[in-house]
Each structure stands twice: as C-alpha cells, then as structure tokens.
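Colleague: I'm still new to reading helix bundles. Could you take one part of this model and walk me through it slowly?

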Amino acid sequence: MSTNRKLKSYLPIIVVLAIILYSAAGIDYSEAGNMSFDMVKSVLSGLFQPDWGYVYDGSGEDLLSLLLLTIGIAFLGTVIATVLALPLTFISAHNLWKSNTIVSKIGKFICNVLRAFPELVYAIIFVKMVGPGPFAGVLAIGVHQIGMLGKLYTEEIESMDEAPVESMTAVGANFWQTMFYARLPQLIPTFLSLALNHFEIAVRSAATLGLVGAGGIGAPMIFAIQSRAWDKVGIILFGIIITVFLIDAVTGYLRKKLQ
C-alpha cells in the first residue's frame, strides 16, 4: 500500500481525533475544582437510598400519580400525531402524485420542518402560548411526532409492493378504492408498529418536558435536584426506569403481534 493510500485510510481517524481534541480544548474546566469527594458521596448515597415515602401519598403530586400523568401526556400526544400524520403522509408520498411531484416535495418539506426541532423547544413555545401544564406537553409531543411519523409513514408507502394496486387499477378501481383496499391493508400493521415505537420515545420525552413546565414528572425532579434532595431524585429516576422498561416490554409484545 502506497503512502498516499495509507494517509487516505487514516484520514477519517485523524479528523475525528482532531475534532475531539478541539472540543475538549474549548471546555471550561474551572468549575471542576468545586467538586469534592464529600459532594460525590452525598449525591450517590442519596440516589441509592431513595425516598420510598414519595411513591404514593394520595396527594396527586406523588411519584405514581405523576408517572401516570407522564404516560398520559405521551399517549395522547402520540395518538394526535398518528392521526394527523396520515393526511400529511398522503401528500408526501411521491408514488401517489406521479403527475405532480411538487405536492410530495411540499409534504416532505413540512415533515422536515416539524421534526427539525426537539420536543423541549416546542414545549417552551407552547408553555408561553397555552400556559404551563400537561396540555403544553401533549402539543409539544404531538407536533414533533407528526413530522417524525409522517416521514416514516411516507417511506413505507413509497417502498410498498405496488402489485395489488396495479391489479386493482387494471380492472377499473379508482384512487380511493386502491387506497382503502390495496394500500392501507398492507400499511396499517406497520403504521401501528411505528406509532407504538414512538410512544416509547414519547414517554422518555414527556419525562423531561416538566423541566420547562409542560407537565409530567420532570418538574418535581428538577426541583429536587435544585434543592439537593438526592433521595427524592433517586426514587424519581427509579420510577422512570421501571416505567420505561414496562412500556418497552408491552409495546414490544404488541409489535410482535402486528408482524
């Protein structure tokens, strides 16, 4: 192997290392001196000795109540996104608009714009629009996932088997007949599987939206962190982990049934 070829093969590694070194050099390490062993010990001891009394106390502000609220925010946001992504998908799929490609380009552009911003950005916007609370979280997740699901649904329509559609068209079926009797029967199981997968993602997102006032478990978690109530932070993190594992197991089972 010549010297030029060796340089070309090592070039990506050199570039990555250069970026890492440049990023590391730009970090301000002055605050690292404030960290002490006692501080780390205090954090870890609190996290591993969670406040079990916070799990449920009947106040509506306990762990179980807020986790259920978080799941509700994620579920409703995903349902809204699943429904509203469908018409956007029909606009975006180029194989539905072969005679007018500009329509599909507009649809894909809208999907890209909607999914370009994370849920936290949408949450901040909607908190200012509708006020703090779960409704802002539902809107944030819903709007973001319209773009995410719209893109994935579009890809499924564009890559689907066109043979049933062509067979129906050959015997005189119109656009809507081929849509409801040839396309959707193939696509609905995949669409539902994608929606379930994004529901899992939405639960994780909803757990953080409370950090900006959009409801859910995030608000008490940030308050506990600010007040250094590490035992409360520990039980909240434990609850989020268990919730995510359970939802992952349930949605994974449902996705297998849809295959």
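**A close look at one helix and its surroundings**

Modeller: Let's start with Phe 90, which sits in helix H3. Keep in mind that this is a predicted model. Helix H3 runs over residues 63–92, and Phe 90 is one residue you can click on there.

How much of Phe 90 is accessible? Its relative accessible area is 22%, so Phe 90 counts as partly exposed. The cut-off helps here: buried means under 20%, and partly exposed lies between that and the exposed class, which is over 50%. Now look at what Phe 90 touches. Leaving out residues up to four places away in sequence, Phe 90 is in contact with Leu 96, Trp 97, Ile 157, Met 179 and Leu 184. You can also check a C-alpha to C-alpha distance: Phe 90 and Ser 104 are 14 residues apart in sequence and 8.3 Å apart in space.

Next, go to Thr 89, which is also found in H3. Buried or exposed? Thr 89 has 0% relative accessibility, so Thr 89 counts as buried. If you again skip residues up to four places away in sequence, Thr 89 touches Gly 150, Tyr 153, Thr 154 and Ile 157. Ile 157 should ring a bell, as it is among the residues that Phe 90 touches.

Now for how H3 packs against another helix. Two packed helices are described by the angle between their axes and the distance between the axes. For H3 and helix H4 (residues 101–115), the angle is about 135° and the axes are 7 Å apart. That makes H3 oblique to H4. Which residues meet there? From H3 you have Leu 88, Ile 91 and Ser 92, and from H4 you have Val 103, Ser 104, Gly 107, Lys 108, Ile 110, Cys 111 and Leu 114. Sorted by class, this contact of H3 with H4 has six nonpolar, three polar and one charged residues. Ser 104 of H4 is also the residue whose C-alpha distance to Phe 90 we looked at.

From here, let's move along to helix H5 (residues 119–130) and helix H6 (residues 134–158). Their axes come within 8 Å and cross at roughly 135°. H5 and H6 are therefore oblique to each other. As for the handedness, H5 passes H6 in a right-handed crossing. On the H5 side, the contact is made by Glu 119, Tyr 122, Ala 123, Phe 126, Val 127 and Val 130. On the H6 side, it is made by Phe 135, Ala 136, Leu 139, Ala 140, Ile 141, Val 143 and His 144. By class, the contact of H5 with H6 divides into eleven nonpolar residues, one polar and one charged.

Pick out Leu 139 from that list, a residue of H6. Its relative accessible area is 22%, so Leu 139 is partly exposed. Leaving aside neighbours within four places in sequence, Leu 139 is in contact with Phe 126 and Val 130. Leu 139 and Ile 20 are 119 residues apart in sequence, and their C-alpha atoms are 37 Å apart.

Let's bring in helix H8 (residues 175–209), where you'll find Arg 183. Arg 183 has a relative accessible area of 6%, so Arg 183 is buried. Its contacts, not counting residues up to four places away in sequence, are Asn 95, Leu 96, Met 160, Glu 162, Val 165 and Thr 178. Leu 96 is one of the residues in contact with Phe 90 too.

For a contrast, try Arg 228, in the loop between helix H9 (218–226) and helix H10 (230–258). At 63% relative accessibility, Arg 228 counts as exposed. Its phi is near 60°, a positive value in a residue other than glycine. Over in H10 you'll find Phe 238, which counts as partly exposed because its relative accessibility is 40%.

Finally, here is what the record says. An unreviewed UniProt entry lists residues 67–251 as "domain: ABC transmembrane type-1". In the model, that span is 82% helix and 0% strand, with its end C-alpha atoms 17 Å apart. The unreviewed entry also gives "transmembrane region" for residues 63–88, 201–223 and 235–254. Of these, residues 235–254 are 100% helix and 0% strand, with end C-alpha atoms 29 Å apart. Residues 201–223 are 65% helix and 0% strand, and their end C-alpha atoms lie 24 Å apart.

Technical notes:
Residues are numbered from 1 along each chain as its sequence is written. This is a predicted model: local features need pLDDT of at least 70, side-chain atom pairs count only at pLDDT 80 or more; totals for chains, interfaces and linings use all residues. Side-chain values use heavy atoms; hydrogens and water are left out. Axes are lines fitted to C-alpha atoms, for helices over the stretch in contact, and angles run from 0 to 180 degrees between N-to-C directions. Helices (H or I, at least four residues) and strands (E, at least two) are DSSP runs, numbered from the N terminus. Angles under 35 degrees count as roughly parallel, over 145 as roughly antiparallel, 65 to 115 as roughly perpendicular and the rest as oblique. A crossing is left-handed if the near helix is turned anticlockwise from the far one by less than a right angle, and right-handed if clockwise. Contact means heavy atoms within 4.5 Å. Ala, Val, Leu, Ile, Met, Phe, Trp, Tyr, Cys and Pro count as nonpolar, Asp, Glu, Lys and Arg as charged, and the others, Gly among them, as polar. UniProt positions are given in the numbering used here, feature names are shortened, and annotations may be inferred rather than shown by experiment. Buried means under 20% relative accessible area, exposed over 50%, partly exposed in between (1.4 Å probe, protein chains only).
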